[in-house]
Amino acid sequence: MKRTFFLLGLIAASLLLLVYGPDGLVLYRLPGGLPLGTLFAIVSLVAGSAIPLAASRRRTALRWAGVAALLVALAWFPIGVWLSGNVDLNFVSDAADSVLFRQVTIGSAAFIIATWAWSAVVGWRSYRKRRIAIGEQPVATGG
């Protein structure tokens, strides 16, 4: 559970700096020419895809989905560089490549969020099973 909260904090920090950070920070060039804002995006995608891995047991379908989400997150940046032709991910030559990369990004994020939801459902079910196993009565919900 601590790993999951750490990963959520890492995602929140990366996204906050990416969205609300000063332009100079986001555009700052790391050694090799990679903009810091791109690194924030990579960190948030990879950390997000690691949540199902941190929250699941070995040899479960959720673990395999988490591995697939991690592979998708790791492939996001190389696909962007390949389509744009630069590490800035500036699409100046072909608008079709920009549209394709936007679709790849939305699809990657949707898949990662779906694995989060699956992790939440699995976690909630195991929490309820533990509560019932120790003799607590489940809380009635609904109207």
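This section describes the helices, the backbone exceptions, the surface patch and the salt bridge of a predicted model.

Helix α5, which covers residues 95-133, comprises 39 residues, and the distance from its first C-alpha to its last is 57 Å, close to the 57 Å expected at 1.5 Å a residue. The buried positions of this helix are F101, S108, I112, T115, S119 and R131, a set that includes an arginine as well as a phenylalanine and an isoleucine. The partners against which these buried residues of α5 pack are α3, spanning residues 36-55, and α4, spanning residues 61-84.

For helix α4, the corresponding comparison also gives agreement: its 24 residues should span 34 Å at 1.5 Å a residue, and the end C-alpha atoms are indeed 34 Å apart. Along this helix there is nevertheless a bend of about 30° at W76, and a proline, P78, follows within four residues of that position. The residue at the bend, W76, is itself buried, as are L62, A65, G66, A69, A73, F77, G80, L83 and S84 of α4. These buried residues pack against α3 and α5, and the packing between α4 and α5 is thus also found when the buried residues of α5 are considered, since those pack against α3 and α4. Just beyond the end of α4, G85 adopts a positive phi of about 85°.

Helix α4 also contributes to the surface of the model. A nonpolar patch is formed there by W64, V67, L71 and L74, which together have about 430 Å² of accessible area. Of these residues, W64 lies in helix α4 and counts as exposed because its relative accessibility is 59%, over the 50% cut-off. V67 is likewise located in helix α4, but is classed as partly exposed, with a relative accessible area of 31%. The C-alpha atom of V67 is separated by 8.4 Å from that of P52, a residue 15 positions away along the chain.

Helix α1, consisting of residues 2-20, contains T4, which counts as buried because its relative accessibility is 12%, under the 20% cut-off. When residues up to four places away in sequence are not counted, T4 touches I51, A54 and A55. A second position in helix α1, L8, is partly exposed, with a relative accessibility of 36%. The C-alpha atoms of L8 and A50 are separated by 9.9 Å, although the two residues are 42 residues apart along the chain.

Two loops contain residues with backbone angles of note. Most residues other than glycine have a negative phi, and most peptide bonds are trans. R59, however, has a positive phi of about 60° although it is not a glycine. This arginine is placed in the loop between α3 and α4, where R59 is exposed, with a relative accessible area of 80%. A positive phi of about 60° is also assigned to L89, again a residue that is not a glycine. L89 belongs to the loop between α4 and α5 and, in contrast to the exposed R59, counts as buried at 14% relative accessibility.

The loop between α4 and α5 holds a further residue of interest, D88, which takes part in a salt bridge. Side chains of opposite charge can pair when their charged atoms come close. A search of the whole structure finds one salt bridge, in which the side chains of D88 and R29 meet with an N to O distance of 2.4 Å. Because D88 lies in the loop between α4 and α5 whereas R29 lies in the loop between α2 (23-27) and α3, the pair ties together parts that are 59 residues apart in sequence. Both participants retain some accessibility in the model, D88 being partly exposed at 25% relative accessibility and R29 being partly exposed with a relative accessible area of 42%.

Terms used: Residues are numbered from 1 along each chain as its sequence is written. This is a predicted model: local features need pLDDT of at least 70, side-chain atom pairs count only at pLDDT 80 or more; totals for chains, interfaces and linings use all residues. Side-chain values use heavy atoms; hydrogens and water are left out. The expected span of a helix is 1.5 Å times one less than its number of residues. Buried means under 20% relative accessible area, exposed over 50%, partly exposed in between (1.4 Å probe, protein chains only). Contact means heavy atoms within 4.5 Å. The bend at a residue is the angle between axes fitted to the seven residues ending there and the seven starting there. Patches are made of residues with over 30% relative accessible area and no salt bridge: like charges are joined within 9 Å, nonpolar side chains (Val, Leu, Ile, Met, Phe, Trp, Tyr) within 5 Å. Accessible areas come from the Shrake-Rupley method with a 1.4 Å probe; for residues, only the protein chains shown count as cover. A salt bridge is a side-chain nitrogen of Lys or Arg within 4 Å of a carboxyl oxygen of Asp or Glu.
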